[in-house]
Amino acid sequence: MIICGADFHIRKTRPKSRIDDFFSAQENKIRYIFQLAQDNNCPLIIAGDFFELARPGEFLNQWIINLIGEYSIQIFVVPGQHDIPNHNLALINDSGLGVLA
């Protein structure tokens, strides 16, 4: 089994159209997917746009590193347009995904 997902668009700020506690809802959804991968002992493949911004900032970088560390799962991410600084793959090391790598 493989779990596939895409377009997580992890972000710190609440989108205009959301009226709930967006960050908490986002965390709960990510935890659900991570737990599903762990419970089924299978890899998680994310097909692009893991973060909303290519450089999500120190808070989100640290938050997601800590969150991933809570689970024993393999995660593979294909960079999406939101993950690549200036849409230039040569800059991937200077991005949120670069930090995670």
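User: Is N41 buried or exposed here?
Analyst: In this predicted model, N41 has a relative accessibility of 71%, and because the cut-off for exposed is over 50%, N41 counts as exposed.

User: And where does N41 lie?
Analyst: N41 lies in the loop between α1 and β2, and its phi is near 50 degrees, a positive value in a residue other than glycine.

User: Why remark on the sign of phi?
Analyst: Because most residues other than glycine have a negative phi.

User: What about H9, what is phi there?
Analyst: Phi of H9 is also positive, near 50 degrees, in a residue other than glycine, and H9 lies in the loop between β1 and α1.

User: Which residues does Q26 touch, leaving out those up to four places away in sequence?
Analyst: With those left out, Q26 touches H9, I10 and R11; Q26 itself lies in helix α1, and its C-alpha atom is separated by 7.5 Å from that of I10, although these two residues are 16 residues apart along the chain.

User: Buried or exposed, that Q26?
Analyst: Q26 has a relative accessible area of 6%, and since buried means under 20%, Q26 is buried.

User: Switching to pockets, which residues line the second largest one?
Analyst: The lining of the second largest pocket includes Q26 together with H9, I10 and R11, and among the others are F8, F22, K29 and I33. By type, the lining residues divide into seven nonpolar, two polar and three charged, and the volume of this pocket is about 170 Å³.

User: And what volume does the largest pocket have?
Analyst: The largest pocket has a volume of about 240 Å³, and of the 13 residues that line it, the closest to its centre are I75, V77, L97, L100 and A101.

User: Which elements supply at least two residues each to that lining?
Analyst: Those elements are α2 (58–69), β3 (75–78) and α3 (96–100). As for residue type, the lining of the largest pocket is made up of eleven nonpolar residues and two polar ones, with no charged residues.

User: Now the core: in the largest nonpolar core, which residues touch the most other members?
Analyst: The core has 21 residues, and those touching the most other members are I10, I30, F34, F50, W63, I64 and L67, while α1 (22–39), β2 (44–47) and α2 each supply at least two residues of this core.

User: What is I64 in contact with, beyond its sequence neighbours?
Analyst: Leaving aside neighbours within four places in sequence, I64 is in contact with I10, F50, F51 and L100.

User: How many aromatic pairs does the structure hold?
Analyst: There are five aromatic pairs in the structure. One of them is formed by F8 and F50, a tilted pair with 5.8 Å centre to centre and 35 degrees between the planes, and this pair links distant parts of the chain, since F8 is in the loop between β1 (3–5) and α1 and F50 is in the loop between β2 and α2, 42 residues apart. Both F8 and F50 are buried.

User: And how are the rings of F23 and W63 placed?
Analyst: Their centres are 4.8 Å apart and their planes stand at 55 degrees, so the pair is tilted. F23 lies in helix α1 and W63 in helix α2, so this pair ties together parts that are 40 residues apart in sequence. W63 has a relative accessible area of 13% and is buried.

User: Which residues do ring pairs link into a cluster?
Analyst: Ring pairs link F8, F50 and F51 into a cluster.

Key: Residues numbered from 1 in each chain as written. Predicted model: local features only at pLDDT ≥ 70, side-chain atom pairs only at ≥ 80, totals over all residues. Heavy atoms only, no water. 1 Å grid on protein atoms, 1.4 Å probe; cavity = no way out; pocket = protein on both sides within 12 Å on 5 of 7 lines; lining within 4 Å. Points joined across faces, edges and corners; volume = space filled by probe spheres on them. Helix = DSSP H or I, 4+ residues; strand = E, 2+ residues; numbered from the N terminus. Nonpolar A, V, L, I, M, F, W, Y, C, P; charged D, E, K, R; others polar. Core = buried A, V, L, I, M, F, W, Y, C linked by side-chain atoms within 4.5 Å. Buried < 20%, exposed > 50% of the residue type's maximum accessible area, 1.4 Å probe, protein only. Contact = heavy atoms within 4.5 Å. Phe/Tyr/Trp six-rings, centres within 6.5 Å; stacked < 30°, edge-to-face > 60°.
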